[in-house]
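Student: I have this protein open on my screen and would like to go through it with you. Could we start with the charged side chains and then move inward?

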Amino acid sequence: MPAKRTHLKRSLDSRSVKALALAAAMMVGTAAGAVAAEPGTSGLPVPRFVSLKADKVNVRNGPNRDQDVAWVFNRAGLPVEVTAEYETWRRIRDADGAEGWVYHSMLSLRRTALVAPWLKGETVPLRSSADSDAKVVAKLEPSVLGVVKACDGKVCRITGDGFDGYVQQNQLFGVYPGEKVD
């Protein structure tokens with residue numbers, strides 16, 4: 001189920017362009033297949049993926065409470081990418097490529113992922129093991145939310161409401177290409 005948001009100042013066309021650019025950037029990665037990260041003010045790497053901690057998260061135009069709310073997320077657990085830090089605020093990017101500022105306590109280090117939110121009318125196979133020819137145990141719709149249990153750089157084990165299995169890493173928003181997650 002995709003995130004419900006109230007958009008105040010963005011058009012659907014700009015979101016589509018941003019989503020395509022983000023998907024392309026995620027597939028390219030660096031030469032080694034991993035994203036280079038620098039420590040942020042929190043001491044954690046930037047960029048990094050995190051998830052939303054609450055069912056209601058305000059995304060602001062700038063890093064303080066005086067800034068206007070650009071939109072509101074209405075679903076806990078959604079993955080977002082932290083792209084910058086300023087004091088206790090984090091600039092985040094969502095699966096549509098939209099960016100804004102969120103107060104740090106609204107984010108969790110729990111790793112989650114959306115299954116191929118850029119796909120339309122297709123499904124992604126969930127396999128019984130990490131082998132590429134393993135039995136398909138389910139076909140996941142785009143934007144299905146799962147918890148990332150582990151990634152080896154090519155395949156991730158994800159779990160969710162009624163499913164547990166392995167998905168190609170490049171079919172997930174919430175992990176970087178080549179990233180290993182334990």
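Student: Is R91 buried, partly exposed or exposed?

Tutor: This is a predicted model, and in it R91 has a relative accessibility of 29%, so R91 counts as partly exposed, since that class lies between the buried limit of under 20% and the exposed limit of over 50%.

Student: Which residue does R91 form a salt bridge with?

Tutor: The partner of R91 is E99, and their closest N and O atoms are 3.3 Å apart. E99 is partly exposed as well, with a relative accessible area of 37%.

Student: What else forms a salt bridge with E99?

Tutor: R93 does, with 3.5 Å between the closest N and O atoms.

Student: OK, and how far apart are N and O in the salt bridge of R157 and D164?

Tutor: The side chains of R157 and D164 meet at 2.8 Å, N to O. Both ends are partly exposed, R157 at 29% relative accessibility and D164 at 41%.

Student: Which residues do salt bridges with shared partners join into one network?

Tutor: That network is made up of E81, R91, R93 and E99, and a search of the whole structure finds 7 salt bridges.

Student: Changing topic, which residues touch the most other members in the largest nonpolar core?

Tutor: In that core of 21 residues, the ones touching the most other members are L52, F73, V80, I92 and L107. Strand 3 (48-52), strand 4 (57-60), strand 5 (69-73) and strand 6 (79-86) each contribute at least two residues to this core.

Student: What is I92 in contact with, leaving aside neighbours within four places in sequence?

Tutor: I92 is in contact with V59, F73, V80, E81, V82, T83, A98, E99, G100, V102 and L107. That list includes E81 and E99, two of the residues that belong to the salt-bridge network.

Student: How many residues are in the other core, apart from the largest one?

Tutor: That separate core has 17 residues, among them A116, L119, L126 and V167.

Student: And stepping back, how many helices and strands are there?

Tutor: The protein has 1 helix and 17 strands. Of the contacts with a separation of 6 or more, 58% are between residues 24 or more positions apart.

Student: Last one: what percentage of the residues counts as buried?

Tutor: Of the 182 residues, 43% count as buried, while the accessible surface of the protein comes to about 9600 Å², with 51% of it belonging to carbon and sulfur atoms.

Technical notes:
Residues numbered from 1 in each chain as written. Predicted model: local features only at pLDDT ≥ 70, side-chain atom pairs only at ≥ 80, totals over all residues. Heavy atoms only, no water. Salt bridge = Lys/Arg side-chain N within 4 Å of Asp/Glu carboxyl O. Buried < 20%, exposed > 50% of the residue type's maximum accessible area, 1.4 Å probe, protein only. Core = buried A, V, L, I, M, F, W, Y, C linked by side-chain atoms within 4.5 Å. Helix = DSSP H or I, 4+ residues; strand = E, 2+ residues; numbered from the N terminus. Contact = heavy atoms within 4.5 Å. Areas by Shrake-Rupley, 256 points an atom, 1.4 Å probe, with all protein chains shown as cover.
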